[in-house]
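Visitor: I'd love a guided tour of this model. Could you take my questions one at a time?

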Amino acid sequence: INAEYGGPQKPLFFFLFASSSINQPPMKNQAILLLVSFAFVLVLSAYNQGPTDYFSSSDADSLVKMVLAKKDKGIFQNNIGDTHYAVKIIKQLKGTYDDKTVCDFAVKGLKGDIESIYHSAQVIQTAGCSLKIAPEETAQTINKALQSDSLLDYYHAVTSYFSLGKPASVSGDSIRSVVHKLIDLQDEDQETFKRTPTQKEGSIFYTGLAFTALSKLYGLASPDDQGLINGVLENIPNLLSLSEADDDTLHFSHQDNTISRLRTTYAIVQGILDLSEALGAGAQFDAEKVIQLANYFVQQKYTNSISEAHAFLFGLLACNHYPQLKPVVLSLVRGSIQTSAKGEEGHVKVRVTDVFGQAVPTTSVFLIRASHQNASSDLTILSNQELKATSDPTVFSLNFLATKPEPRLYVMNFRVTPKNSTQTIEAVRSIKVVASIKVEDVVLVVSDRYEDDSTETKKFALEYNQKLPEVVRVESDQSLVLSFKIKSVVSNRAIAVHQASVRFTHLLTGEDVYFNVKPSLSRSYKFSVILEKTSHLFHNRSGEYRISLIIGDAFIDNSFEWDLGSVFLSVEGEQVPVKPTRGPKPPINHLFRQPAPRPPMEVSIAFTFAVLAPILVLLIGFVILGTVNLSNFPSGVNAVFATGFILSLVGIIFVYYLYWVKLNLFQALSYVGILSIPVVFFGNRTLKFLALKRISSEKTHTD
C-alpha cells in the first residue's frame, strides 16, 4: 500500500473477519460476521468504484519533457508520424514547439504516400500551418487511395480530405463511395471491420478507424447511406462484449497483437465517441465501463513512446468527454498521520478530481466507515461523517485524530456525490496512523526461583537510555527477568508493537542470542531467561554479555535499540566451539570424476595397425601390379579439378588428425568449414565430368 507515500492507492477490498487460533469466536458468531461482511460487500457493489489515480500536472510536465527530448532540429525523431503525435500532445498540454520547422516538414510530407499525407494533414490542422491549397499530387494520392481495397487507405484518405479543407480536386463521389466500401469490409460474424476483403476476420483496431471515417462521412452521405451508418452504431453493444477485463480495468486487443493494446483501445474508444457524436446518439458506454477504461488509460501514463503517449492522452480525454459520465477520482492527500500532529496536520484529507486532476463540482463527501481488524473481527471506530470543504476546491478534510486512534492501518470507505451527475462514487482507501512511543516501568530482576521475583536477589529499575549501574551476575541456578511497558506518547495508553526482542551479545566472541518478547493481555511485556533451561542457546559459554532491548514497528516513528548494560552469566556444561561468522571461509576442495583407465600400450598399438592395414594392403597391391590404373583420371582442366578435390579431402583428413592431437572442437570445425568450400567446388566439377563421361560411354556402347 503506497499510502505511506501519500500517493494514489488501489481499491482495497477485504473480508471483515480473520482466522486466528487465538481468541477464536464461536462458530455462530463467525456465521453472523460472515453475513454482515457479505451484506457490506453488496452495499459497496451498488455504487461505482471510482478510478484510483489521475493524470496530474506533474505527470503532464513529465510527458511533455519526454516528447521534447525526442526532438531533433525541430522534428520529432525525423518522422512525420511521431511529429504528428508529438504536436497534438504538446498542443493539448499547452507546451511549445517550433511552428515553422514543423509546418515546413508537414508541407513536404504532403508529397509522400497516403500515410505521410494523413500525418502531415493532421500536423497542418493542429499547428494551424498556412496552406492555401493542397498540392495536386496530394489530391492524386488521395484519389488513388480511395480506389484501393484497404481500410487503412480509406481512413487516411478520408481524414486527410477533411483535415485539408476538402480539396476541390478530390472527387466528391469517390469520397461518398467509401461508405459502401467500408460497410463491405464489415465482418458479419463479429461485426468488426477487416483491413482488406481477403482477411478472414475483423479487428477491433480497424473497427475503431472505420467508425472515425464513417463519422466524418455521415454529413456527406445520402439518406440511404446514413441509414447504413446508423446500423453500424447499433452493433456497438456487441463490440463492447469483445473487451477484456482485468481487475478494475477494461481494454481491447488487436487480433494478432501487432498493434498494442493501448493503441487498439484508444482507436475503438475514439471511434465510438466520434460516431456517436456525429449521429447525435449520446454516450455508448455506461459509467462502470468509463471508469474501467479510465483506470486502464491512467495506468499507461508512464511511457517512452510518442505514439503510445498520444493514445494514452487522447484515450483519457475521450473518457472525460461526457459531463454526466465524467470519472471522479478520490485520492488521499497524505497516506499517513502522526498521532502527535496538531491542527489540520492531524486531519484526513482527500482530493476529489476528474482524471486530469481538475476540480469536480461536488455536493458532498462522506466517510461511511473507518475500521481496522483485530484477531477475530472488524472494528468500526468512526462512521457517517461528512468531510468539510477547504480553501482548495479539490480537497475535503475530517479530524480523524479526534477519535484517538491507535497506531495501525485503517480502511476507510468514502462516498462522493458530484453535482450534475446521477452517479454516486464509492471509494475504499487505506491510511496509516503512526505514533511516537515511550518505554516505562523497565525492571530487571535476578531471582532464585524461575520467573518469580518474590525471592529476588537483585532488582534494578531503569529509565529510558539508562544503563545498569554494575555488571549483574546471574548464577546457573538463577533466572533473569526483564519487564517493561510500551505506551503512546500522546494518549499514554499501552500499545503492542510488532517486534520486541532482547539480544545478548558475548563481549569476547561477539556471538548474538535473540529472544522475542510477547505482550500479555494487558499489553505489558515480561521476559525471563532460566539458565538451566536455556544454557544450550548460549553454547554453554559463561562470560559477560551486553543486553540490548530492540523495539520496532511499521506504525511507530521512533523505533530504537537500547543498550541496557552488561550481565555475567555463569553457565554450566561443556562449551560448544565458536563458529566464526566473519572472515574467510574454509577452502572448498572439489573432487572431480577420475578419468577412466586407459588400455595397455600394446592394445593401442595393435588397434592403430588394424586401422592402417587397408592402406598397407593398397600399397602392397600397387607393388604387386607394378602399375596404377589412372585411365579414368580426368585430363586437361578437369585434372586440376580432380587434383583439387583429392587435396581438399586430404586436408580435411589432416584436420581430423590435428583435432585428435591438439585442436579443440571449435578450431577443428572452423578449419573444416573453410576446406569444405573447395571440396564442394572441385567435387562438383569432378563428379560432373565423370557423370558426363559415363553417359557418353553408355551411348557409344548402345550405338
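Visitor: Which helix holds Leu 619?
Guide: Happy to start there, with the reminder that this is a predicted model. Leu 619 has its place within residues 601-625. That stretch is helix 16.

Visitor: Is Leu 619 buried, partly exposed or exposed?
Guide: The relative accessibility of Leu 619 is 48%. Buried would need a value under 20%, and exposed one over 50%. Leu 619 lies in between, so the class is partly exposed.

Visitor: How much accessible area does the nonpolar surface patch with Leu 619 have together?
Guide: Leu 619 shares this patch with Phe 607, Val 611, Leu 612, Ile 615, Leu 618 and Phe 622. Taken together, their accessible area is about 680 Å².

Visitor: Let's move to Ser 436. Why does Ser 436 count as buried?
Guide: Ser 436 sits in the loop between strand 14 (425-434) and strand 15 (437-449). The cut-off for buried is under 20% relative accessible area. Ser 436 counts as buried because its relative accessibility is 18%.

Visitor: Which residue's side chain makes a polar contact with the side chain of Ser 436?
Guide: Leaving aside neighbours within four places in sequence, Ser 436 is in contact with Thr 339, Lys 487, Ser 488, Val 489, Asp 557 and Asn 558. One of these offers a side-chain polar contact at 2.8 Å. That partner is Asp 557.

Visitor: Which are the edge strands of the open sheet with the order 6-8-12-11?
Guide: Four strands make up this sheet, and their pairing is antiparallel. An edge strand here pairs on one side only. That description fits strand 6 (329-332) and strand 11 (388-389).

Visitor: Which residue of strand 12 stands opposite His 347?
Guide: Strand 8 (residues 347-353) and strand 12 (residues 395-399) are joined in the antiparallel sense by five bridges. Across from His 347 in strand 12 stands Asn 399.

Visitor: How many of the ten residues of strand 22 are buried?
Guide: Strand 22 covers residues 543-552 and is mostly covered. Its buried residues number eight.

Visitor: And how many bridges join strand 22 to strand 23?
Guide: Strand 22 also runs antiparallel to strand 19 (residues 499-506), with eight bridges between them, and there Arg 503 has Ser 548 as its bridge partner. Towards strand 23 (residues 560-569) the direction is again antiparallel, and Ile 550 is partnered by Glu 561. The number of bridges joining strand 22 to strand 23 is nine.

Key
Residues are numbered from 1 along each chain as its sequence is written. This is a predicted model: local features need pLDDT of at least 70, side-chain atom pairs count only at pLDDT 80 or more; totals for chains, interfaces and linings use all residues. Side-chain values use heavy atoms; hydrogens and water are left out. Patches are made of residues with over 30% relative accessible area and no salt bridge: like charges are joined within 9 Å, nonpolar side chains (Val, Leu, Ile, Met, Phe, Trp, Tyr) within 5 Å. Accessible areas come from the Shrake-Rupley method with a 1.4 Å probe; for residues, only the protein chains shown count as cover. A salt bridge is a side-chain nitrogen of Lys or Arg within 4 Å of a carboxyl oxygen of Asp or Glu. Helices (H or I, at least four residues) and strands (E, at least two) are DSSP runs, numbered from the N terminus. Buried means under 20% relative accessible area, exposed over 50%, partly exposed in between (1.4 Å probe, protein chains only). A polar contact is a pair of N or O atoms within 3.5 Å; within protein, one must be able to donate a hydrogen and the other to accept it, and residues adjacent in sequence count only if both atoms are side-chain atoms. Contact means heavy atoms within 4.5 Å. Two strands pair if DSSP finds at least two bridges between them.
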